[in-house]
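Work through the exercises below with the structure open beside you. Try each task before reading its solution.

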Amino acid sequence: MSTPPLAPEGHLLIVGAGLAGYHTARGVRAHGHTGPITIFGEEHRPAYDRPALSKAYLTGAVAEEDLLLDDPEDPLDVIWISGVGVVSLSTDPLGVITQDGVFHPGDAVVITTGASALGLPSATAEETPEALPYVLRNMEDALALRDTDLRGTDVVVVGGGFLALEAAATCMDRGAGSVTVAAGEAYPGSRRLGEPVGEAIRRAHEARGVEFAPPSRAQAIRRCAGDQGQSRYEVLLADGQALAADIVICAIGAEPRTEWLLDAPVQLCPHNGAVLCDDTGATAVPGVYAAGDCAQWASHSSGLRPVGHWQEAFEEAAVVAAALTGAAPVALQEPYFWSDQFNLRIQGVGRIHLADEVTVVDGTPEGADLLVHYSRQGENVGILGINRLRDVTRWRRSSRIRPAAREVPARETVTV
Ligand SMILES: Cc1cc2nc3c(=O)[nH]c(=O)nc-3n(C[C@H](O)[C@H](O)[C@H](O)COP(=O)(O)OP(=O)(O)OC[C@H]3O[C@@H](n4cnc5c(N)ncnc54)[C@H](O)[C@@H]3O)c2cc1C
């Protein structure tokens, strides 16, 4: 499949004013595009960066303006349409429809709508499940948690991923009376990253006072009254136990924001619901691209890319910008992610999700220092370092994958 690049004077529509949307626009302008660019964002605030929302923003170490993506000294030349969600994609004529019913025609569309946080069901029928626990996806979520006085409170964090563990670390730092992580496994993240990594993370958290619930899945949450009549919650585990809390933070994953595309002819990945693209970000619809957390990039030449990491969204935006403008193709680097929890800087490079073997190369789970290799059928597919900046940097510099091939994989090839 080949998609004609956007003409220099063409009108580019970008749906989603987050990291991938912003950097797509920036890249397209850097490649000399002179036509209008419109960025649609449903949030009522300027585009911002998310990683600090579970870390430094929650502790007050950085302010909202520190997270803004646009540079006031060098603002992007784009039309921002904020506070209005896009509700559908039209392919003939090409354009998008906003929730106020207005049709916006364009010459190319880039879908960068990110993801939304998954919630935990309520055990009580009359309660709105989403209203009960805190989640961490956008600035409003983080503001609500930042403005809550955590001192002396019992916090339960549901989830065993990095977001959950970052939230647990932050709550401990902010003086919570107790923080319990319901990770659903003995060592958080060990199903994905291997037991030594999970053990190292658990030990670091326990050393700072974080507790871990029995390895049973959290199934629901219910509201109950504390001994002074205040609102308390119980997180119900599959094994029948209940974890009592003043505050529950739910970080059990995210799903791509593609609900507005269900009637559109773009293909959604059967595995995760993200927009299926080749490794230039092109979808099955000419002129329509996707990048970031709402997009599943995959091709026979580069395989399935992971979804949900900052670096992936940032690089995909650069690739899409080049593909749209006909600039020289940009090669995606090996996938990369990081997480900061207490004194741990955790960094992963490569296709860790494909590994069938995990080997500790250096360090031990007892120390805050570990280097782990991941292999599949004997071939190294990735590494993870805990406080191993130099090793990780060396790996990132040395490995690159081939430039993009323009093909959308058949549905049946999209399996992990
Ligand atoms: C709290 C938090 C901490 C993180 N920390 C790390 C980290 O430490 N390391 C790491 O590698 N990654 C981290 N990530 C992941 C990283 O931030 C994301 O991968 C990245 O933000 C994805 O960018 P995006 O542009 O695809 O989506 P987003 O940044 O989510 O932007 C999408 C935007 O589209 C808007 N939108 C959605 N639907 C519509 C619609 N229909 N119409 C208009 N607008 C719409 C949304 O409101 C949102 O503003 C973190 C994510 C979160 C939430």
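The exercises go from the whole chain to single strands of this predicted model.

**Exercise 1. Overall size**

Task: Decide whether the radius of gyration of the protein chain agrees or disagrees with that of a compact globule.

Solution:
- Start with the length: the protein chain has 416 residues.
- For that length, a compact globule would have a radius of gyration near 22 Å.
- The protein chain has 22 Å, so the value agrees with the globule rule.
- As a further description, the C-alpha atoms fill a box of roughly 65 × 50 × 45 Å along the principal axes.

**Exercise 2. Burial, contacts and charge**

Task: Describe the protein chain by its burial, its contacts and its charged side chains.

Solution:
- A residue is buried if its relative accessible area is under 20%. Buried residues make up 52% of the 416 residues.
- Take the contacts with a separation of 6 or more: 61% of them are between residues 24 or more positions apart.
- Count the charges: there are 32 positive and 54 negative side chains. The centres of these two sets lie 5 Å apart.

**Exercise 3. An open sheet**

Task: The secondary structure comes to 8 helices and 25 strands. Take the sheet that contains E9, give the order of its strands, and explain which of them stand at the edges.

Solution:
- The sheet has 4 strands in the order E11-E10-E9-E15, with parallel pairing.
- Strands E11 (211–212) and E15 (247–250) each have a single partner strand, so one side of each is left without a neighbour in the sheet. These two strands therefore stand at the edges.
- Now look at E9 (residues 154–158), where 4 of the 5 residues are buried.
- E9 is joined to E10 (residues 178–182) by 5 bridges, and to E15 by 4 bridges.
- Valine 155 shows both pairings: its bridge partner in E10 is valine 179, and in E15 it stands opposite isoleucine 247.

**Exercise 4. A hairpin with two faces**

Task: Find how E13 and E14 run relative to each other, parallel or antiparallel, and sort the residues of E14 by face.

Solution:
- Strand E13 (residues 231–237) is joined to E14 by 4 bridges, and the two run antiparallel.
- The hairpin has 4 residues between the strands, and glycine 240 takes a positive phi near 95°.
- In a regular strand the side chains alternate between the two faces of the sheet.
- In E14 (residues 242–245), Leu243 and Ala245 form the covered face, while Ala242 and Ala244 form the uncovered one.
- Across the pairing, alanine 244 in E14 stands opposite glutamate 234.

How values were computed: Residues are numbered from 1 along each chain as its sequence is written. This is a predicted model: local features need pLDDT of at least 70, side-chain atom pairs count only at pLDDT 80 or more; totals for chains, interfaces and linings use all residues. Side-chain values use heavy atoms; hydrogens and water are left out. The radius of gyration is taken over C-alpha atoms; the globule rule is 2.2 Å times the number of residues to the power 0.38. Buried means under 20% relative accessible area, exposed over 50%, partly exposed in between (1.4 Å probe, protein chains only). Contact means heavy atoms within 4.5 Å. Lys and Arg count as positive and Asp and Glu as negative; His and the chain ends are not counted. The place of a charge is taken as NZ of Lys, CZ of Arg, CG of Asp or CD of Glu. Two strands pair if DSSP finds at least two bridges between them.
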